[in-house]
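This report introduces a structure to a reader who has not met it before. It considers the packing of some helices and then the surroundings of a ligand.

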Amino acid sequence: MSFERIDVAEATLVLDLSDESNPRVAYLGPRLSAAAPLHQFNALHAEGARPATADKTPRVTLVPVAGFGFMGSPALMLGGGRLCALTLTGVERLSEGLAIDLRDEAEGVHVRQLWLRGLGCFRVSTEFHNTGERPLELLWLAAVTLPLPAWARTHWSFAGRWAGEFRATRSEIVDGVHERVGQGGRSGFESAGYALIGDGRESDFEGSLLGVHLAWSGNARLMAERTGFGLAQMQVGERVDAGAIMLGAGERYRSPEALLCFTDEGLHGVRRCFHAEADRLRPREQSPRRVHFNTWEAVYFDLDLAKLTHLADAAAKLGAERFVLDDGWFKGRRSDGAGLGDWTPDVERFPDGLGPLIEHVASLDMDFGLWVEPEMVNPDSDLYRAHPDWVLHHGAHERPLQRRQLALDLARPEVRAHLLDRLDVLLRTNRIAYLKWDHNRDLFPAHSHDGSSAHGQTLGFYDVLDRLRAAHPHVEIESCASGGGRMDFGVLPRVSRFWVSDNTDAVERWRIQSDVSLFLPLNRIGSHVGASPNPSTGRQLSMLLRARVAMFAHMGVEADPTKLSAEDAEILAQHIALYKEYRGLIHEGAFASYAGDDPDVRVWMCVARDKSQALGMAARGEQARGLISQPVRLMGLDRAAHYSVELLRPWPAPARFSLPHADSWRAEPQVFSGELLEMAGLLLPLVHPETCWLWRLTRVETASQ
Ligand code: DGJ
C-alpha cells in the first residue's frame with residue numbers, strides 16, 4: 001500500500017499507507033498539484049530511531065492505541081483495560097474518498113475509517129466493529145486523530161453561556177493536554193466540538209489555520225496534546241458516558257463525522273471552508289429567508305388572541321413575513337412551571353384552537369411559525385402524570401429540575417412515537433410553515449432506560465426530527481436551545497437556521513454573530529431586532545444599529561412593534577425593506593468579518609459571488625482613541641473594477657457635520673476603484689460609539705474621473 005490523496009477546493013490531504021503498522025496523515029496543507037509525486041513522502045519524511053523511546057517508532061497513526069509504545073493519549077479506549085493493536089488491512093477507494101480498514105484479529109476488533117471529500121472540508125468518521133465473541137465496552141473513539149503540524153502554535157476554543165454564546169478564545173499550545181468536554185447532552189454552550197489551530201501569525205485574512213468541528217448534537221470531546229517529547233496531536237469525537245456503548249458480538253458503533261479544513265488565508269479562509277460545507281448540507285425546504293416577527297420578547301407568557309392579533313397587525317406593517325408564536329400557547333402554560341408535554345392549544349387562550357390566529361396572520365400575507373420543545377416535560381403536565389417513567393432518571397433518586405422541567409427518554413421508541421404523533425397532528429391540523437424547536441435544559445442524570453445515555457438521546461432526537469421532516473417536507477425548523485445551545489453540523493442539515501442567542505442586544509450580537517459566522521453562514525443565523533433598553537443587558541441602543549446588525553443574518557423582530565416610536569418604526573421598516581432587497585446577496589454572497597485598521601471598528605462585508613455588488617457596514621464599539629479617523633478597507637471586491645459607493649441613510653448622527661463633501665454624498669453615490677477601496681480604504685468620519693455606517697456598492701462599467 002502507498003500514498004493516497006484527497007483534495008478539496010483549497011487543500012490537499014495525503015495519507016501515508018505504506019507501513020501497515022503506522023498508517024498516518026502525511027500532509028494536510030495547501031492544495032498540491034495533480035502531478036505531485038506522493039511516493040517521495042517516504043524519503044522526504046523518513047525518520048530514524050529515536051532515543052529513549054520504543055524501538056519500533058510510535059507515531060500519531062490514524063487511530064493511535066495505548067499499550068504498544070505510543071505515549072500520547074489513545075484514540076480508542078475499551079472498558080476493562082482491554083487493549084488492541086491495530087494493523088492496516090485494507091484500503092477501498094470510494095467515489096467520495098477512502099475507506100481504511102484496521103484490524104486486531106486476535107481481539108476481534110475491526111475499525112473502519114472513512115476519509116471523504118466535502119466541499120470546503122474533509123469529512124472523517126470512524127466505525128468500531130466488535131467481530132469477536134465477547135462483549136466490548138467502548139469508552140472513547142476519536143472520529144479523527146490529526147498529528148498537529150510543526151507550525152501549530154495556537155489553539156482557539158469557543159465557549160460561552162446563556163445569552164453570551166460562542167466566545168472565541170485564543171491560547172498558546174503548551175505541553176500537556178488542552179481538553180474541551182461537553183457534558184450537558186447537547187452540543188451546548190461549551191461548544192466543545194469546535195476548535196482552530198493556528199500558526200501564531202493568523203489574523204483576519206492571513207496565516208495558516210486548521211479548522212475542526214464534530215458534527216454532532218450531543219456531548220463532544222476535543223483535545224489537543226503536546227508532550228515534552230515533541231509528539232503533538234488533536235482528537236475529536238463523541239464523549240461517551242461509561243456503560244453507554246456496550247457492543248455485543250457483531251455490533252458496531254459509528255462515530256459522528258468530524259469536519260476538517262485547512263486554509264492559509266486566516267479566519268476568512270476558515271469561514272469560506274465551513275460556509276461551503278454548510279451549503280452542501282442545506283436542507284431542501286429552505287426558502288428565501290423571510291422576515292420573522294417572534295412573540296417572545298414582546299409578551300413572554302402574557303398572551304391572548306387579542307394581543308397576538310394586534311401584534312400581528314403591527315408586525316405586518318413593519319414588513320414582517322412570518323409570525324412566530326413562541327412559548328405560552330399550549331395547555332396550562334402560564335409560566336415555565338407547567339404544560340411542557342401537552343402539545344394542544346390552551347383552551348382558555350385559544351377556545352377555537354390556533355386556527356383564528358393563523359387565519360388572521362395569513363390575511364396579512366404572513367405565514368405562521370410555532371414554538372415547541374418536544375424533548376421536555378414539566379412534572380406539572382398531563383403527559384408526566386400519565387407516564388412518569390418516560391423521563392431520563394436514575395432509579396428512585398431525585399429527579400433534578402432545570403427550568404422546572406425534565407427531559408424525556410428519547411431512547412424509548414414509544415416516547416419517540418408519541419412525540420411524532422403529537423407534532424404530526426399539530427402540523428396536519430394547522431397551517432404551520434415553521435417550527436422553532438427549543439431545548440432548555442442539560443441532561444442530568446442522562447440515564448436512559450437502556451443505558452444508552454446522552455448517545456441514545458441524541459440519536460433519538462435525530463430520529464424524531466428526520467421522520468417529522470420526511471412527513472412534512474415543507475416545514476422549516478429552527479434549532480434553538482436557550483439560544484445557541486445546540487449549534488452544530490449534526491443538526492445543521494436537518495434545520496433551516498439557528499437561534500444563536502437569546503441576547504438581542506446589538507452590541508453583544510455584533511460579537512456573537514462575528515464569532516459564530518466562522519462556521520455558520522449568514523443564512524443560518526437568526527438575528528432579531530430587540531427592544532431598547534434590551535431585556536438581556538439593559539443597554540439602550542439606537543434602532544439604526546439594532547436593525548443593521550439583524551440585517552446581516554436571517555432577520556427578524558423580537559421587540560414589541562406596538563411600542564416602537566414612530567421614528568424607530570420607520571427606520572426599522574426601512575431596513576426590513578432593504579434586507580428584502582439584499583437578502584439574496586447577504587445569504588448567498590461571500591461574507592467577511594474583520595477588524596478595521598481602527599481597532600474599535602469591526603467591518604462586515606457581503607460581496608456577491610460575481611462581485612457585481614456588495615453590502616457592508618462598519619460599527620464602532622468604543623469611542624475612538626484619537627480624533628483622526630482611519631480609512632475602512634472594503635475587502636473582497638473585484639480589484640479591476642470600479643464601484644459606485646452609496647452611504648445609506650440615515651447616517652450616524654455626528655456624520656451630518658463631519659462627513660467631507662456631505663452634499664455630494666447626499667446627491668449621488670461616489671465612484672471608486674475596487675483596488676483602492678480594498679487596498680487603501682474609504683475614510684469615513686468618526687461617529688459615536690455603538691453606531692454604524694452602512695453602504696452599498698455596485699460595479700460600474702467605467703470609472704468616473
Ligand atoms: C428559550 C429560547 O431561547 C427563547 O427564545 C424562548 O423561545 C424561550 N425559550 C421560551 O421559553
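In this predicted model, helix α9 (residues 506-516) and helix α10 (residues 543-551) have axes that come within 9 Å and cross at roughly 25 degrees. Angles under 35 degrees count as roughly parallel, and α9 and α10 are therefore roughly parallel to each other. Their crossing is left-handed.

Helix α10 also packs with helix α11 (residues 566-588), at an angle of about 20 degrees and with the axes 9 Å apart. This angle, too, falls under the cut-off, so α10 and α11 are roughly parallel to each other. The crossing in which α10 passes α11 is right-handed.

The ligand is the second subject of this report. Around the ligand there are 13 residues, of which Asp-326, Asp-327, Lys-436, Asp-438 and Asp-502 come nearest. By character, the shell around the ligand consists of four nonpolar, three polar and six charged residues.

Polar side-chain atoms approach the ligand as follows.

| Residue | Ligand atom | Distance to a side-chain N or O atom |
|---|---|---|
| Lys-436 | oxygen | 2.7 Å |
| Asp-438 | nitrogen | 2.7 Å |
| Arg-403 | oxygen | 2.9 Å |

The ligand has 300 Å² of accessible area on its own, and the protein covers 98% of this area. Lys-436 and Asp-438, both listed in the table, are also among the residues that come nearest to the ligand.

Note on methods
Residues are numbered from 1 along each chain as its sequence is written. This is a predicted model: local features need pLDDT of at least 70, side-chain atom pairs count only at pLDDT 80 or more; totals for chains, interfaces and linings use all residues. Side-chain values use heavy atoms; hydrogens and water are left out. A residue is near a molecule or strand if one of its heavy atoms lies within 4 Å of it. A polar contact is a pair of N or O atoms within 3.5 Å; within protein, one must be able to donate a hydrogen and the other to accept it, and residues adjacent in sequence count only if both atoms are side-chain atoms. Accessible areas come from the Shrake-Rupley method with a 1.4 Å probe; for residues, only the protein chains shown count as cover. Ala, Val, Leu, Ile, Met, Phe, Trp, Tyr, Cys and Pro count as nonpolar, Asp, Glu, Lys and Arg as charged, and the others, Gly among them, as polar. Axes are lines fitted to C-alpha atoms, for helices over the stretch in contact, and angles run from 0 to 180 degrees between N-to-C directions. Helices (H or I, at least four residues) and strands (E, at least two) are DSSP runs, numbered from the N terminus. Angles under 35 degrees count as roughly parallel, over 145 as roughly antiparallel, 65 to 115 as roughly perpendicular and the rest as oblique. A crossing is left-handed if the near helix is turned anticlockwise from the far one by less than a right angle, and right-handed if clockwise.
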